[in-house]
Amino acid sequence: MIKLSPSILSADFSNLLKDVKAVEEAGVELLHIDVMDGHFVPNISLGPVVLDSIKGKTTLPFDVHLMIENPDKYIPKFAKLGADILTVHAEACPHLHRTVQNIKSYGIKAGVSLNPATSLYSIEEILEELDMVLIMSVNPGFGGQKFIESSLQKIRRLKGMIDAKGLDIDIEVDGGVKLDNVAEIVKAGANIIVAGSAIFNSNNVKENVLSFKEVINN
Ligand code: DX5
Ligand code: ZN
């Protein structure tokens, strides 16, 4: 089953719960929450207080994407705030194996994200330990960027690596996903789809979700 994880980075923060409820009611499976620190990426987004404010008000699992330096420092906090999947960037973790164990010690799913220029080899040795790999299909930091085409090859190769080892690991794709490229992203092997601007940048949030679901499920 292909899951949809709308990125609230493009939601209306003056009325966040309204947008969250709209995607929940439209039947998405996850809620993608982008945490940026202005160091690892050149932008600052949202942090624990925002998670805390929606915690308990939605049934959607929190798919938390940490684009921050020193993520280990904040893992306990995000685990406590109800993260169901906690994803760190390989580029921000010199001791990635330890960081992944740290996440899993809270009984939540561990994801590792790779920037467009980061090789799949950086996770080859710990693939068995992961619940999810997040392939960035834009350089992280901003919503509304253009999908980097070479990401398709990377998704295919990752899917090949996972299948060759007989593993069951989710492949999430994030950045520049639109209605007109989502089918080939799924075909390449992704099973969790993040979309921010394509879902929230209009007044038709529910319709946008339904259009995505129609393409994904066919
Ligand atoms: C980018 C974030 C994304 C972003 C995607 O650094 O990780 O989750 O919100 O936005 P779109 O779908 O607009 O590219
Ligand atoms: Zn993201």
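A crossover is right-handed if, with the strands pointing away from the viewer, the path from the first strand over the helix to the second runs clockwise. In this predicted model, β3, α3 and β4 make a β-α-β unit of that right-handed kind. The protein has nine helices and eight strands. UniProt, in an unreviewed entry, lists Asp-34 and Asp-174 under "active site". The briefing takes up the overall form, then the strands and helices, then the annotated residues.

**Overall form**

- The radius of gyration of the protein is 16 Å, which agrees with the value near 17 Å that a compact globule of 218 residues would have.
- Taken along the principal axes, the C-alpha atoms fill a box of roughly 45 × 35 × 30 Å.
- Of the 218 residues in the protein, 41% are buried.
- Among contacts with a separation of 6 or more, 64% join residues 24 or more positions apart.

**Strands β3, β4 and β5**

- Strand β3 (residues 62–67) pairs with β4 in the parallel sense, over four bridges.
- Within this pairing, Asp-63 stands opposite Ile-85 in β4.
- Strand β4 also pairs with β5 in the parallel sense, over five bridges, and here Ile-85 stands opposite Lys-109 in β5.
- The chain passes from β4 through α4 to β5, and this β-α-β crossover is right-handed.
- Six of the seven residues of β4 are buried, so β4 is largely enclosed by the rest of the structure.

**Helix α4**

- In helix α4 (residues 96–104), the buried residues are Leu-96, Thr-99, Val-100 and Ile-103.
- These residues lie on the same side of α4, because they cover an arc of only 100° around the axis.
- An α-helix has 3.6 residues a turn, so residues three or four places apart point the same way.
- His-97 and Arg-98, on the other side of α4, are exposed.
- The buried residues of α4 pack against α3 (75–80), β4 (83–89) and β5 (109–114).

**Strand β8 and its partners**

- Strand β8 (residues 192–195) is covered on both faces: Ile-192 and Val-194 are buried on one side, and Ile-193 and Ala-195 are buried on the other.
- β1 and β8 pair in the parallel sense over four bridges, and the bridge partner of Leu-4 in β8 is Ile-193.
- β7 and β8 run parallel and are joined by two bridges, with Glu-172 opposite Ile-192 in β8.
- β7, helix α7 (residues 182–188) and β8 form a right-handed β-α-β unit.

**Residues annotated as "active site"**

- The UniProt record, an unreviewed entry, gives Asp-34 and Asp-174 for this feature. Although they are spread over 141 residues of sequence, they cluster in space, with a largest C-alpha distance of 10.5 Å.
- Asp-34 is placed in strand β2 (residues 31–36). Asp-34 counts as buried because 24 other C-beta atoms lie within 10 Å, and the threshold for burial is 20 or more.
- Leaving aside neighbours within four places in sequence, Asp-34 is in contact with Ser-7, Leu-9, Ser-45, His-65 and Met-67.
- Asp-174 is placed in strand β7 (residues 170–174). Asp-174 is likewise buried, with 26 C-beta neighbours inside 10 Å.
- Not counting residues up to four places away in sequence, Asp-174 touches His-65, Leu-134, Met-136, Ser-137 and Val-194. His-65 is thus in contact with Asp-34 and with Asp-174.

**Residues annotated as "binding site"**

- Under "binding site", the unreviewed UniProt entry lists Ser-7, His-65, Gly-141, Phe-142, Gly-143, Gly-144, Asp-174, Gly-175, Gly-176, Gly-196 and Ser-197. Asp-174 is therefore listed under both features, "active site" and "binding site".- Ser-7 lies in the loop between β1 (3–6) and α1 (16–25). Ser-7 is buried, with 24 other C-beta atoms within 10 Å.
- The contacts of Ser-7, not counting residues up to four places away in sequence, are His-32, Asp-34, Gly-143, Val-194, Ala-195 and Gly-196. Among them, Gly-143 and Gly-196 also appear in the "binding site" list of the UniProt entry.
- Gly-144 is found in the loop between β6 (132–136) and α6 (151–164). Gly-144 is partly exposed, with 13 other C-beta atoms within 10 Å.

Terms used: Residues numbered from 1 in each chain as written. Chains lettered and ligands numbered in written order. Predicted model: local features only at pLDDT ≥ 70, side-chain atom pairs only at ≥ 80, totals over all residues. UniProt positions renumbered as here; feature names shortened; annotations may be inferred. Buried ≥ 20, exposed ≤ 12 C-beta atoms within 10 Å, placed from the backbone. Contact = placed C-beta atoms within 7 Å. Arc of directions from axis to C-beta. Pairing = 2+ DSSP bridges. Rg over C-alpha atoms; globule rule 2.2 N^0.38 Å.
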